[in-house]
Amino acid sequence: MKIFFMSMGCAKNTADSEHLIAQLKFCGHEISDEPQNSEVAIINTCGFIQDAVKENIDAILDLEKLKADGVIKKIIVAGCLVNRYEKELKKEIPSVDLFVRSEEWDKVIKFLGGSYNSNCLLTSSAFNKNFWTRYLKISEGCDTLCSYCAIPLIRGRLRSVPLKNLIDEALMLCAAGAKEICLVGQDLTVYGKDFNDGTSLKTLIHALNSELPQNTWIRLLYLHPNRVNEELVDFLLEHEKVLHYLDIPIQHSEPEILAKMNRPCPAGHLTKIFNYIRSVDPLFTLRTTIMTGFPGETAKNFDNLVNFISEIEFDRLGAFVYSPEEGTKAAELPNKIPEKTAEKRYLTLTEIQSEISQERSELFFDKELDVIVEDIDEEANEAWGRSYRDAPEVDGVVNVSKIDVKKLKLGDVVKAKIVDCNENDLFGEVVN
């Protein structure tokens, strides 16, 4: 049957969705990006913060209306929102035909009249787009228990994926055309800890670097800063397929705020590790995430945070206003920050980061970068893609001109010499 599929939320959800889509296609179903003429609608939801909860519920209600209008016959709601609010959802939206928790894909397949196959191959047919860039989810859940985070409530404690499974999946992804493998998990640095057999992120990186085809990009997303040290950085630099790019969400720089977040950090560690990374490669790309308005954040705390950001000069920075999440310890903390104050601090951070990102982009003038092509404009005779410094969906892009688009296809890698930039994007000319 024809199935309309929506995947919401983070890259980890995208990886989950692709595994479910692979199962659905194995059973003979057709996947559509449009609900028209579809019999079933499936939405893999996100329930991380309240803004996401509202967005996902609105999406479910839109599907409910389509069902009432006869556009679709059945609705399946899966994923994090169900993990968190299953009882409430069943009560408030009874028109949904099936609610399933994260990774309960066998229930979806059974509901649709098929049989779940645990050996189903994850081929390019599972991807609706961008087969050249794939996510490899190496673990589920988290044991860090940050005071503001609902992930352990939603996804449970740490459960690493067996090493062999990951290598097999990565090889399948590459066989299906992937040239970039993005490792995702709530925190990559604790991979394998639950096995208690010495398996670690280093074990995985070494195996992937050895097994994957030549010129494959390995990108690391989401590393807890406390567990990033000089030894790990040196190890990563020794493996040529690992991109000089790390996403290290610090959330804040002030020790007293980090302690309240249950992310206590040794004095000076953040400055030390980021300075070390840049000392070994000044063009190493650093992405981080910052939260403004956490309970107890004083004006001095924020000023110190601004100074820290200005000193480190992250290439990319995602900022957001703290949201008290039901069931988390932070939601019960005193000294709440007024929303207007938190919003003002957020805007200040984004303005400062805009200038820093511009300065970091300007470092690439006259540099040559490999670019994975993701869009081709035949009329303008130019292409758009990403370099090592651009993670999919969250970072900038590289425009490549003076290129023969007739000889180009999506997923190709071209070399471009950078001639211009803005804070997010680079502009280059193809190098013959």
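Is Phe314 buried or exposed, and what is its relative accessible area? Select Phe314 in this predicted model and display its surface: the residue is buried, with a relative accessible area of 0%.

Keep Phe314 on screen and add Phe308, since the two rings form an aromatic pair with centres 6.4 Å apart and an angle of 50° between the planes, an arrangement that counts as tilted because only planes over 60 degrees apart are called edge-to-face and those under 30 degrees stacked. Phe308 has 8% relative accessibility and is therefore also counted as buried, the limit for that class being under 20%.

Next, select Trp384 and Phe427, whose ring centres are 6.2 Å apart and whose planes meet at 75°, so this pair is edge-to-face. Colouring by secondary structure helps here, because Trp384 belongs to strand 15 (residues 382-386) while Phe427 belongs to strand 18 (residues 426-430), and the pair thus ties together parts that are 43 residues apart in sequence. Trp384 is partly exposed, at a relative accessible area of 27%, and Phe427 likewise counts as partly exposed, at 24% relative accessibility.

Then move to Tyr148, Phe294 and Tyr322, which should be selected together, as ring pairs link these residues into a cluster. With the pairs of the whole model in mind, the count comes to 8 aromatic pairs.

For the last stop, select Arg219 and Tyr245, where the contact is between a charge and a ring: the charged end of Arg219 sits over the ring of Tyr245, at 4.7 Å from the centre of that ring.

Definitions and conventions:
Residues are numbered from 1 along each chain as its sequence is written. This is a predicted model: local features need pLDDT of at least 70, side-chain atom pairs count only at pLDDT 80 or more; totals for chains, interfaces and linings use all residues. Side-chain values use heavy atoms; hydrogens and water are left out. Rings of Phe, Tyr and Trp (its six-membered ring) pair if their centres lie within 6.5 Å; planes under 30 degrees apart count as stacked, over 60 as edge-to-face and the rest as tilted. Buried means under 20% relative accessible area, exposed over 50%, partly exposed in between (1.4 Å probe, protein chains only). Helices (H or I, at least four residues) and strands (E, at least two) are DSSP runs, numbered from the N terminus. A charge sits over a ring if NZ of Lys or CZ of Arg is within 6 Å of the ring centre and within 35 degrees of the ring normal.
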